[in-house]
Amino acid sequence: MGLRIAIEGCGHGELDRVYSSVKQLEELDGKKVDLVVCCGDFQSVRNLDDLECMACPVKYRKLGSFYEYYSGVKKAPYPTVFVGGNHEAINYLRELYYGGWVAPNIYFMGYSGVIHFGGIRIAGISGIFKGHDYLMGHHESPPYDNSSMRSAYHVRCMEVSKLMSVTGHVDVFLSHDWPAGITSYGDVNDLVRRKRFLARDIEQNSLGSPPLMSLLKKIQPSYWFSAHLHTKFAALVPHSDTSFTRFLSLDKCLPGRDFLQIVDFPEASGPKEFSYDEQWLAIIKKTHPSLSFDRSPITPPPPVEIHEEELRHIREVFQGDMKVPENFVCTAPPFDTMTTQGKGNMPMQLLENPQTKSLMDTLEIEFPARHASDNAARNNPPPNPEMIDIDDDDIDPAIQAILH
């Protein structure tokens with residue numbers, strides 16, 4: 001049966017362009033793409049208020065085309081899945097902490113997650129690594145200030161711990177950030193030639209996320225796809241059992257950039273629809289009581305072990321049907337093209353998403369009544385020299401990615 005997926009780097013709201021490019025690839029080789037994957041900075045911006053929650057220079061905030069898919073004016077021509085990056089409408093993604101549909105046929109993997117599609121198992125984590133926030137709880141909520149708007153997309157140890165609990169084979173892992181040290185497994189000289197500003201971080205081994213490299217070595221997925229640094233870079237990471245993880249990072253969606261890659265899974269066999277991973281649901285249920293929404297640092301929780309009776313319980317409460325229900329609903333009004341309003345308003349509170357409530361009700365878990373600290377207590381953002389600005393428009397030459 002087989003499965004063909006199109007991997008896209010940073011989306012930056014260019015959903016129309018992404019789908020058009022995938023269509024052109026289909027027409028060139030005459031083979032159908034079954035799934036589109038985006039490695040962050042997807043920018044699921046529904047309206048002008050969402051733009052107020054996206055951390056980037058104001059002059060680069062733009063609606064993009066997502067709101068048309070959210071409103072139903074357009075429908076995604078391919079099943080699409082993505083992880084969050086560091087330029088997102090974070091208020092919307094926070095509604096779907098455990099994952100869900102941001103629009104019909106477009107699925108967000110949550111702050112961390114594992115799903116199935118077409119016979120392959122996909123794991124992922126959203127955000128980027130910043131050591132000063134790694135041990136914190138998910139304390140951010142609207143109204144965001146300049147600090148919390150940024151810290152909200154910083155990876156927390158709780159998400160890493162949950163993924164460290166995953167056992168069994170993973171075909172694809174998605175992240176926005178790069179695993180720390182990944183440059184040692186590819187053509188680092190060519191990378192530095194094209195992105196000279198990365199040289200110092202590479203020399204100091206400060207480029208990328210240390211927790212992600214730990215996950216790569218623990219999970220050992222067949223493929224790992226990333227974005228964030230706006231360049232194409234391939235690497236091959238060997239494991240002690242003689243297997244390999246094929247790493248590929250892609251550029252942002254702009255003309256002349258290497259932002260798209262086709263990968264085939266000829267042996268994959270399964271329904272081409274999204275379905276839950278029962279082990280992951282058991283991990284969610286078991287770790288949920290440890291989830292923190294405080295600013296105070298926590299002790300990184302150890303990975304949990306899932307037993308057969310816990311998997312059996314998941315199968316029972318889902319009545320054996322692990323297909324992700326198509327239960328998308330709009331929780332905020334889509335952008336009105338007739339509006340004369342030039343600027344949105346910062347939302348004052350988190351919206352409850354029925355998808356999240358339904359999943360949590362089924363798992364018999366709930367968020368505490370108050371799960372965010374007072375915005376007035378938040379600090380100003382620390383200097384962030386590593387953050388890649390979205391107006392980086394230098395043109396990179398293509399490099400070859402060996403994915404055989």
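This short presentation describes two sheets, one enclosed strand and the internal cavities of the structure shown above.

Good morning, colleagues. Please bear in mind throughout that this is a predicted model.

I begin with the sheet that contains strand 1. Six strands form an open sheet in the order 4-5-3-2-1-12, and their pairing is mixed. Strand 4, residues 100-103, and strand 12 are its edge strands, each pairing on one side only. From one strand to the next, the twist averages 30°.

Within this sheet, I would like to look at strand 1 in detail. On one side, strand 1 pairs with strand 12, residues 260-265, in the antiparallel sense, over six bridges. Here leucine 3 stands opposite phenylalanine 265. Strand 1 also pairs with strand 2, residues 35-38, this time in the parallel sense and over four bridges. Two positions illustrate that pairing: alanine 6 stands opposite valine 36, and glutamate 8 has cysteine 38 as its bridge partner. The connection between these two parallel strands runs through helix 1, residues 15-29, and strand 1, helix 1 and strand 2 together make a right-handed β-α-β unit.

Why is strand 1 described as largely enclosed by the rest of the structure? Six of the six residues of this strand, residues 3-8, are buried, and therefore the description applies. The burial concerns both faces: Leu3, Ile5 and Ile7 are buried on one side, and Arg4, Ala6 and Glu8 are buried on the other. The second group thus includes Arg4 and Glu8, which belong to the charged class.

I turn now to the second sheet. It is an open sheet of seven strands, again with mixed pairing, and the order is 10-11-9-8-7-6-13. Its edge strands, each pairing on one side only, are strand 10, residues 233-238, and strand 13, residues 274-276. The twist in this sheet averages 25° from one strand to the next. As an example of its pairing, strand 7, residues 120-125, and strand 8, residues 172-174, run in the parallel sense and share three bridges. One of the matched pairs is isoleucine 122 with valine 172 of strand 8.

The next topic is the empty space inside the model. How many cavities of 30 Å³ or more does the structure hold? There are four. The largest cavity encloses about 120 Å³. It is lined by 16 residues, and those closest to its centre are Tyr111, Ser126, Gly127, Ala152 and Tyr153. By class, this lining has seven nonpolar, six polar and three charged residues.

The second largest cavity encloses about 80 Å³. Which classes of residue make up its lining? Ten of the lining residues are nonpolar, two are polar and none is charged. Among the residues of this lining are Tyr98, Tyr107, Met109, Trp280 and Leu359. Strand 6, residues 112-117, and helix 10, residues 278-287, each supply at least two of the lining residues. Gly113, Val114 and Ile115 are among the residues lining this cavity, as are Leu281 and Ile284.

Finally, I draw your attention to isoleucine 283, which is placed in helix 10. Is this residue buried or exposed? Its relative accessibility is 0%, so isoleucine 283 counts as buried, the cut-off being under 20%. Isoleucine 283 lies 170 residues from glycine 113 in sequence, and the C-alpha atoms of the two residues are 10.0 Å apart in space. Glycine 113 is itself one of the residues lining the second largest cavity.

Thank you for your attention.

Conventions: Residues numbered from 1 in each chain as written. Predicted model: local features only at pLDDT ≥ 70, side-chain atom pairs only at ≥ 80, totals over all residues. Heavy atoms only, no water. Pairing = 2+ DSSP bridges. Axes fitted to C-alpha atoms, helices over the stretch in contact; angles between N-to-C directions. 1 Å grid on protein atoms, 1.4 Å probe; cavity = no way out; pocket = protein on both sides within 12 Å on 5 of 7 lines; lining within 4 Å. Points joined across faces, edges and corners; volume = space filled by probe spheres on them. Buried < 20%, exposed > 50% of the residue type's maximum accessible area, 1.4 Å probe, protein only. Right-handed = clockwise from strand over helix to strand, strands pointing away.
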